[in-house]
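Here are my notes on the model you sent over, as numbered points. Have the structure open beside you while you read.

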Amino acid sequence: MKYEQTRFLLMPDVHFDNPKCNRDQFHKMMKEAVKQDAKVCFFGDFFCLMNGKFDGRRSKSGIRPEYNKNNYLDLVINDAADQLEPYAHNILFMGDGNHETSVRRNCETDVLERLVERINDRTGAKIVKMGYHGFIRIKFRMNNNGGTTTKVMGFHHGNWGGVVTRGTLGANRHGLVMPDADIIVTGHTHDHWSMEVPRFRLKSNGEVKVENQLHLKVGTMKEEFATDGGWAVEKLVMPKAIAGWWLDFIPYREGINNQHKMELSYSPAN
């Protein structure tokens, strides 16, 4: 007997305010999340924000014309709040990335905290501001008698990459750092892949079992390579996938002991 599935949309590295952010694709995916009642998770670098006064990376070509004013940070936050408002009740949390922590370090303000506060105040939503890494415990009630089943999703905005490996070697490292996670989600490098890493586990009830730890590297909304020049072209960081991941949790019961189990399915979101 299967139960109603719960769907998540996983999206790091939106780089919302960057001129190269594919906003049409972003809004298409967010509207689909609302249609399917999916929970949206932003795993860092929702903002780009590299054009502040004290940012050494600032560039005239890296700023949208509507933000090119003295209250640059305010304009970006206000516009993001306006555009995210229709999706507010589907957004579960927004986590830090290296771009947000850079702004906090250089400008002494937490832009994600300001954004989340503004959206929640306007809409009554309960979006949570998260850090650079963390865990989400997803618990499902399987029946009216209080039976539950749980999956743990670990996340880290990301660190390790590689032109050839596309960050796949980082799966082993993250698996060691977060051994208790059933799923580990990372971003940062703008690569897009999935990998299942089998683990030999000793369960709390004494059962020995091989279980897969699912690793999802999630793409981006910013494509820097489709130009005739620029940082990404000069550094040959390779074209990146404009995509997120749909992650489905499907609880069910089976077997003579009526055991609680859960299926996972995942597919590209683009």
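1. Let's start with strand E7, residues 183-186. Ile183 and Val185 point one way from this strand, Ile184 and Thr186 point the other way, and all are buried (under 20% relative accessible area, with exposed meaning over 50% and partly exposed in between, for a 1.4 Å probe and protein chains only). In a regular strand the side chains alternate between the two faces of the sheet. Helices (H or I, at least four residues) and strands (E, at least two) are DSSP runs, numbered from the N terminus.

2. A word on the ground rules: this is a predicted model, so local features need pLDDT of at least 70 and side-chain atom pairs count only at pLDDT 80 or more, while totals for chains, interfaces and linings use all residues. Residues are numbered from 1 along each chain as its sequence is written, and side-chain values use heavy atoms, leaving out hydrogens and water.

3. Which strands flank E7? E6 (residues 148-156) runs parallel to E7 and is joined to E7 by four bridges, with Met153 opposite Ile183. E9 (residues 208-217) also runs parallel to E7, again with four bridges, and there Leu214 is the bridge partner of Ile183. Strands count as paired if DSSP finds at least two bridges between them.

4. Stepping back, five strands make an open sheet of mixed pairing, in the order E5-E6-E7-E9-E8. E5 (133-141) and E8 (193-202) stand at the edges with a single partner strand each, so one side of each has no neighbour in the sheet. From one strand to the next, the twist averages 20°. Helix H5 (residues 170-177) lies across E6, E7, E8 and E9, at about 120° to E9; contact here means heavy atoms within 4.5 Å, and the angles run from 0 to 180 degrees between N-to-C directions of axes fitted to C-alpha atoms, for helices over the stretch in contact.

5. Next, the interior. The largest nonpolar core (buried Ala, Val, Leu, Ile, Met, Phe, Trp, Tyr and Cys residues joined through side-chain atoms within 4.5 Å) has 38 residues, and Phe42, Phe46, Phe47, Met94 and Leu115 touch the most other members. Helix H2 (72-84) is among the elements supplying at least two residues, and its six make up the largest share. Beyond residues up to four places away in sequence, Phe46 touches ten residues' worth of neighbours listed by name, including Phe16, Phe26, Met94 and Leu115.

6. Please look at the charged cluster too: Asp96, Arg104, Asp110 and Lys129 are linked in a network of salt bridges (a side-chain nitrogen of Lys or Arg within 4 Å of a carboxyl oxygen of Asp or Glu). Lys129 meets Asp96 at 3.1 Å, N to O, a pair 33 residues apart in the chain. Lys129 also meets Asp110 at 3.4 Å, and Arg104 reaches Asp110 at 3.3 Å. The two acids are buried, Asp96 at 5% and Asp110 at 12%, whereas Lys129 at 24% and Arg104 at 33% are partly exposed.

7. Finally, how many disulfides does the structure hold? Zero, taking a disulfide as a pair of cysteine sulfur atoms within 2.5 Å. The sulfur of Cys48 is 9.2 Å from the closest cysteine sulfur, in Cys21, which is too far for a bond. Cys48 is buried at 2% relative accessible area, while Cys107 is partly exposed at 29%.
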